[in-house]
Amino acid sequence: MAECEAKSEVTGSVWKIVTAVGQHVEAGDTIMIIESMKMEIPVIAEEGGTIKAFLVKEETPVSEGQVVAVLES
Amino acid sequence: MSEAAKDAPVTGWAPEIEELKFRRAEAQRLGGVEAVQKHHDQNRLTIRERIDGLIDGGSFQEVGGLTGQGRYTDGTLTGVTPAPYVMGLASIDGRPVAVGGEDFTIRGGTSWSGDRKKGGQGGFIEDLAASYLIPLVNLIDGSGGSVTSINRRGHAVFPGVHGFERSVELMGKVPVVSAVLGTAAGGPAGRAILSHWSVMVKGTSQVFAAGPPVVERSLGQKINKEDLGGADIAVDHAGTIDNRAKDEAECFAMIKRYLSYMPQNVWEMPPVVDIGDPADRAEDALASIVPRDRRRPYNMRKLIELVADKGSIFEIQPTYGKALITAFARMNGKVVGILANNPMVYGGAMDVRAARKQTHFIELCDSFHIPLVFFVDVPGFMVGKDAEAAATLREGMRAVYVALQASVPMFTVVVRKCYGMAGMGATDKNGLDFKIAWPSAEWGSLPIEGGVAAAFRREIAAAPDPKAREREIEADLRSMASPFRTAEAFGVEDIIDPRETRAYLCRFIDAAQGRIRTTLGPKARYGVRP
């Protein structure tokens with residue numbers, strides 16, 4: 001099994017985690033939503049897989065490029 | 001052969017023609033079988049294979065193929081080590097180009113001292129592009145000068161003895177493309193940057209001012225060359241190189257694609273390719289692509305695809321400055337440069353990277369007479385301490401400055417937000433200043449929700465329920481911010497059904513072609529950029 005990381009494209013704060021650990025996502029699915037510049041910016045799965053862990057919680061700040069979730073494919 | 005025939009004088013030039021054949025065969029051997037094998041083992045093509053992979057089949061007319069170091073025994077030629085640079089005239093899609101590159105299999109493609117340089121910085125290949133006004137393609141795989149040249153010459157050369165003056169001249173005359181296909185440091189790295197567009201191959205190429213040994217000696221940092229100047233750093237993080245390719249074959253396909261949008265020089269019109277996509281094609285998806293919820297972003301790339309000629313989009317710097325999308329595309333066959341804010345990244349706010357990207361792309365399109373289409377959804381310059389520390393304001397104003405100096409026609413489509421100085425920089429203020437907007441559009445000096453708290457601070461603080469008062473004022477102002485009200489005042493030239501975007505733009509881009517023809521030639525640059 002290969003692991004892949006989901007990263008936030010932007011600096012902001014975690015607004016809503018819309019998936020759960022163990023959940024399968026397809027490439028292009030939204031994993032969580034970051035609030036930045038008054039916008040809801042989705043963190044999108046680059047490839048399909050199962051969510052293994054979240055590395056952030058809701059309302060915590062994130063930096064651009066920060067790994068926010070780990071997926072197994 | 002009879003004794004008489006043996007003694008007969010040679011009347012033709014057969015011996016010399018044989019020698020010429022031998023010398024040409026030696027040039028084809030490059031650095032020899034072992035060096036070529038080693039190069040192949042690293043998943044890299046030789047310079048001759050690269051040229052063949054890029055150009056129209058059989059179109060290479062090599063120049064300077066005999067250059068190199070002849071080896072002689074008792075005055076008889078026994079072999080030739082070729083000069084480590086291969087170049088000449090070729091065709092790409094039927095159009096002439098000057099193409100050249102270092103031969104890494106000979107001394108790592110380091111500089112060679114003949115009577116005349118073949119290429120790199122200056123040299124015949126740059127003279128050819130400049131004299132015949134044809135595009136130049138640099139296939140870079142060399143590390144430039146070497147300190148060993150001091151031994152050879154007996155003195156140290158002054159920087160610029162083989163300078164960049166021709167390379168700079170070319171930037172205003174003909175398309176210059178550079179592909180970094182190995183480890184480029186020093187001069188070749190600098191040469192790669194002096195291009196209108198550059199590309200490198202992920203994993204097998206790196207670019208930096210100086211490589212790991214120099215970095216360790218200077219700063220004590222131990223770092224490998226991929227971490228120092230691989231595509232992750234040079235393309236995605238720094239924007240030093242524009243695009244990345246997964247392998248050399250994709251790299252050559254990208255070079256051909258890039259050149260397909262370019263005129264041969266600044267005195268010619270960009271090539272028209274009509275693929276038969278109707279100019280009045282109206283896509284229903286455009287009517288609902290922008291969410292009503294202003295906080296929710298949408299797929300700007302999809303929007304561009306729905307408007308431009310099918311399959312015509314080629315993105316420049318897709319992984320750098322992602323708050324802005326810059327791409328070549330065609331509209332009814334005519335080349336356009338598209339600048340579109342990307343709401344998925346910082347809501348499309350112009351950060352320092354997006355500003356740099358915009359400045360370069362506007363200047364590029366202006367130089368080659370490619371009209372610009374802005375798809376605007378920009379809340380303004382990026383805000384915050386990081387943005388200020390990165391000089392966003394200065395780089396942002398530079399983008400505004402360059403747009404105001406550009407004289408190529410620009411078309412502005414306001415998709416959603418158009419605020420502040422970043423919004424101003426997406427308009428043709430010195431030209432027709434032609435702005436069309438979608439019903440989802442909104443504009444102003446700054447977004448209402450940010451501005452109300454500051455402008456009505458006292459009134460809000462004095463209210464019994466300050467939050468409610470703030471919302472009330474916002475609602476009042478928003479009711480007046482409808483784009484239709486600005487259209488009544490002709491402050492925007494039109495509001496359109498999003499599905500009409502393609503047809504509307506095609507009409508005006510077609511109509512502007514005659515005007516573009518009147519301004520062909522080099523573009524003068526005046527003043528001092530901020």
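Two residues are in contact here if their C-beta atoms, placed from the backbone, lie within 7 Å. With that in hand, let's walk through this predicted model, starting with chain B. Among the contacts in chain B with a separation of 6 or more, 72% are between residues 24 or more positions apart.

Chain B has 530 residues, of which 43% count as buried. Its secondary structure comes to 22 helices and 19 strands, and its C-alpha atoms fill a box of roughly 120 × 55 × 40 Å along the principal axes. The domain assignment gives domain 1 as 44-260, domain 2 as 284-441 + 492-517, and domain 3 as 446-481. Domain 2 of chain B is thus written in two segments, and domain 3 of chain B has bounds that fall between them. The C-alpha centres of domain 2 and domain 3 of chain B lie 30 Å apart.

Now for the interior. In soluble globular proteins, nonpolar side chains tend to be buried together. The largest nonpolar core in this model has 136 residues, and Val99(B), Ile255(B) and Phe375(B) are those with the most contacts inside it. Strand S16 of chain B gives the largest share of this core, with 7 residues. Both domain 1 and domain 2 of chain B supply at least three residues each to the core. For a view from one residue, look at Val99(B): leaving aside neighbours within four places in sequence, its contacts are Ile51(B), Leu54(B), Ile55(B), Met87(B), Gly88(B), Ala90(B), Val137(B) and Leu139(B).

Helix H13 of chain B, residues 300-307, is a good place to see how a helix can turn one face inward. Its buried residues are Met300(B), Leu303(B), Leu306(B) and Val307(B). Seen down the axis of H13(B), these buried residues fall within an arc of 115°, so they line one face of the helix. A general rule is helpful here: an α-helix has 3.6 residues a turn, so residues three or four places apart point the same way. And what do the buried residues of H13(B) pack against? Their partners in chain B are the strands S13 (324-331), S14 (334-341), S15 (372-378) and S16 (410-419), together with helix H22 (501-517).

Two loop residues of chain B deserve a look at their backbone. Most residues other than glycine have a negative phi, and most peptide bonds are trans. Leu30(B), however, has a positive phi, near 50°. Leu30(B) is placed in the loop between helix H2 (14-28) and helix H3 (33-41). Is Leu30(B) buried or exposed? A residue is buried if 20 or more other C-beta atoms lie within 10 Å of its own, and Leu30(B) has 22 such neighbours, so Leu30(B) counts as buried. Gln317(B) also has a positive phi, near 55°, and is found in the loop between strand S12 (314-316) and S13 of chain B. Gln317(B) is buried because 25 other C-beta atoms lie within 10 Å.

Turn next to chain A, where 4 strands form an open sheet in the order S1-S8-S6-S3, with antiparallel pairing. Strand S1 (3-7) and S3 of chain A stand at the edges, each with a single partner strand, so one side of each has no neighbour in the sheet. Starting at the S3 edge, 2 bridges join S3 (residues 24-25) to S6 (residues 49-54) of chain A, and Val25(A) stands opposite Gly49(A). On the way across, 4 bridges join S6(A) to S8 (residues 67-72) of chain A; here Ala53(A) stands opposite Val70(A).

Just before S8 of chain A you meet Gln66(A), in the loop that follows strand S7 (61-62). Gln66(A) counts as partly exposed because it has 18 C-beta neighbours inside 10 Å. Gln66(A) and Ala6(A) are 60 residues apart along the chain, yet their C-alpha atoms are separated by 8.4 Å. Not counting residues up to four places away in sequence, Gln66(A) touches Lys7(A) and Ser8(A).

Finally, how do the two chains meet? In this model, 8 residues of chain A are in contact with 12 residues of chain B. Strand S5 (residues 39-44) of chain A gives the most to the chain A side, with 3 residues. By type, that side of chain A divides into 4 nonpolar, 1 polar and 3 charged residues.

How values were computed
Residues are numbered from 1 along each chain as its sequence is written. Chains are lettered from A and ligands numbered from 1 in the order in which they are written. This is a predicted model: local features need pLDDT of at least 70, side-chain atom pairs count only at pLDDT 80 or more; totals for chains, interfaces and linings use all residues. Domain bounds come from an automatic or database domain assignment. Ala, Val, Leu, Ile, Met, Phe, Trp, Tyr, Cys and Pro count as nonpolar, Asp, Glu, Lys and Arg as charged, and the others, Gly among them, as polar. A residue is buried if 20 or more other C-beta atoms lie within 10 Å of its own, exposed if 12 or fewer, and partly exposed in between; C-beta atoms are placed from the backbone. The arc is that of the directions from the helix axis to the C-beta atoms. Two strands pair if DSSP finds at least two bridges between them. A nonpolar core is a set of buried Ala, Val, Leu, Ile, Met, Phe, Trp, Tyr and Cys residues joined through C-beta atoms within 7 Å.
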